[in-house]
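Me: Please take a close look at the surroundings of the ligand in this predicted model. I would like one connected account of what encloses the ligand and which contacts are made there.

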Amino acid sequence: MTNAPLFPPTRAAGLGRLAAFVPRAGRDYAQGRNADPGPGARHNVSQLSPWLRHRLVTEAEVVDAVLARHSFAAAEKFVQEVLWRTYWKGWLELRPAIWDRYTTERGALRAGFRGTRDLARAEAGATGIAGFDDWAQELVATGYLHNHARMWFASIWIFTLRLPWVLGADFFMRHLVDADPASNTLSWRWVAGLQTPGKTYLARADNIARYTDGRFAPQGLATTATALTEPPPPAPAALAPGGDWHPDQPALLLVTSEDMHPESAFAATSPFRAALIVSAGAPGNAASQAFVAAAAADTAARVEAHFGCPATVVPALDAAALAAAAAAAQVTVIVTAAAPVGPTATALAAARIALQPQGVRLIERRRAWDTRFWPHARKGFFAFKEQIEPLLGQPLLL
Ligand SMILES: Cc1cc2nc3c(=O)[nH]c(=O)nc-3n(C[C@H](O)[C@H](O)[C@H](O)COP(=O)(O)OP(=O)(O)OC[C@H]3O[C@@H](n4cnc5c(N)ncnc54)[C@H](O)[C@@H]3O)c2cc1C
């Protein structure tokens with residue numbers, strides 16, 4: 001008997017999963033998506049998030065494939081869920097200070113949190129709370145949780161166990177194979193009542209029993225969820241303009257874990273002399289690191305075939321390695337798909353500054369998808385979702 005990996009880290013595997021899921025992405029998904037029947041039985045959701053998170057398969061491809069099979073009305077729920085990812089990315093891009101707040105608070109709590117025994121019990125799945133303990137263990141073992149389980153888990157963490165939301169978000173960031181700065185941080189904030197100020201998510205035992213088919217009936221859950229508070233978030237900034245690379249200019253292509261499908265980000269005729277593929281996933285997260293490392297090898301092979309240039313996998317985004325590769329390729333320009341707010345964007349910003357004295361320009365080009373949707377993430381998702389269909393350019397199919 002083979003033990004197939006849950007998330008085979010190749011683009012072909014992601015496309016295969018997409019093709020298999022497309023028939024179920026219409027009304028079946030809308031009706032069944034909230035149920036979590038447990039590991040091995042989750043045919044009601046796509047489990048595409050690791051590929052989407054790294055853009056090994058893009059949002060545009062997923063939405064196109066689904067709308068080629070279903071009307072917009074039938075697939076609206078699934079399309080909206082895919083666009084939640086885009087929305088969270090855009091929301092954080094317009095307010096990078098919220099990511100800085102999270103990382104600062106995480107650093108302080110890691111150094112000085114007093115409830116370390118309670119924290120260790122929660123992370124080990126040893127609290128005695130049915131469901132919660134199972135999800136903690138499933139997360140560590142598999143790198144995945146169903147969306148509803150993520151919501152229940154975060155709610156119990158914050159309102160029943162009274163642990164800091166930032167440490168819960170950090171626990172997810174260290175174990176989810178799809179660990180994502182925007183989707184994770186902002187979802188935890190949403191549960192805590194920070195994202196939509198005053199509006200919290202309360203996990204209820206009857207709701208958990210219903211949507212887990214009676215697998216879990218937790219006792220002693222908090223019966224109220226008072227929203228956490230914080231200083232008001234900054235007003236949304238304007239989206240910074242993308243880089244101005246002229247597509248005739250010879251360049252080194254840089255691929256990071258933020259966007260591993262350069263074939264749809266750049267023309268096949270782009271004059272890339274060479275490519276570097278960074279194989280680093282989320283820091284301190286073995287599942288993410290393993291997924292991205294294998295995906296980087298897959299991407300290098302595809303890049304060589306598609307762009308006809310040599311591609312080298314490197315372990316980290318390092319300015320000295322970038323400068324050496326640019327010099328070896330005899331170019332002064334490095335081009336990469338823009339990275340949204342998070343550790344990769346921070347590393348790219350540092351590398352850009354370090355490369356300047358050497359006469360090498362590092363240019364981030366934003367995808368049309370992001371340029372189109374992100375400016376609409378200024379308010380809540382309700383306003384954003386009204387824009388989805390017109391922005392996709394889909395006729396209204398009844
Ligand atoms: C507390 C919490 C933390 C989360 N952390 C992450 C994270 O680090 N990385 C991550 O990718 N997702 C995160 N999510 C969002 C969501 O839970 C996962 O994207 C989803 O469960 C992945 O499973 P799936 O591919 O089967 O989803 P499906 O239900 O099949 O949805 C299809 C796709 O839509 C997107 N999507 C669906 N729901 C959401 C959502 N609520 N927010 C954003 N995108 C969504 C994903 O790309 C997903 O692959 C989090 C949600 C919560 C409540």
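Reply: Helices here are DSSP runs of H or I with at least four residues, numbered from the N terminus. With that naming, helix 3 (49-53), helix 5 (72-94), helix 9 (147-160) and helix 11 (181-192) of this predicted model each contribute at least two residues to the shell around the ligand, and helix 5 gives the largest share, namely six residues. In terms of domains, the shell takes at least three residues from domain 1 (11-94 + 374-392) and at least three from domain 2 (106-211).

The ligand itself is located in the largest pocket, where 27 residues surround the ligand, and of these Tyr29, Ser46, Gln47, Arg85 and Asn147 come nearest. Sorted by class, the shell consists of 15 nonpolar, seven polar and five charged residues.

Turning to the polar contacts, a nitrogen atom of the ligand lies 2.8 Å from a polar backbone atom of Asp178, while a ligand oxygen atom is found 3.4 Å from a backbone N or O atom of Val82. The side chain of Arg150 also takes part, with an N or O atom 3.4 Å from an oxygen atom of the ligand. Of the 810 Å² of accessible area that the ligand has on its own, the protein covers 97%.

Note on methods
Residues are numbered from 1 along each chain as its sequence is written. This is a predicted model: local features need pLDDT of at least 70, side-chain atom pairs count only at pLDDT 80 or more; totals for chains, interfaces and linings use all residues. Side-chain values use heavy atoms; hydrogens and water are left out. A residue is near a molecule or strand if one of its heavy atoms lies within 4 Å of it. A polar contact is a pair of N or O atoms within 3.5 Å; within protein, one must be able to donate a hydrogen and the other to accept it, and residues adjacent in sequence count only if both atoms are side-chain atoms. Accessible areas come from the Shrake-Rupley method with a 1.4 Å probe; for residues, only the protein chains shown count as cover. On a 1 Å grid over the protein atoms alone, a cavity is a set of points where a 1.4 Å probe fits but cannot get out, and a pocket is an open set with protein on both sides within 12 Å along at least five of seven lines; lining residues have an atom within 4 Å of a point. A molecule sits in a cavity or pocket if more than half of its atoms lie within 2 Å of its grid points. Ala, Val, Leu, Ile, Met, Phe, Trp, Tyr, Cys and Pro count as nonpolar, Asp, Glu, Lys and Arg as charged, and the others, Gly among them, as polar. Domain bounds come from an automatic or database domain assignment.
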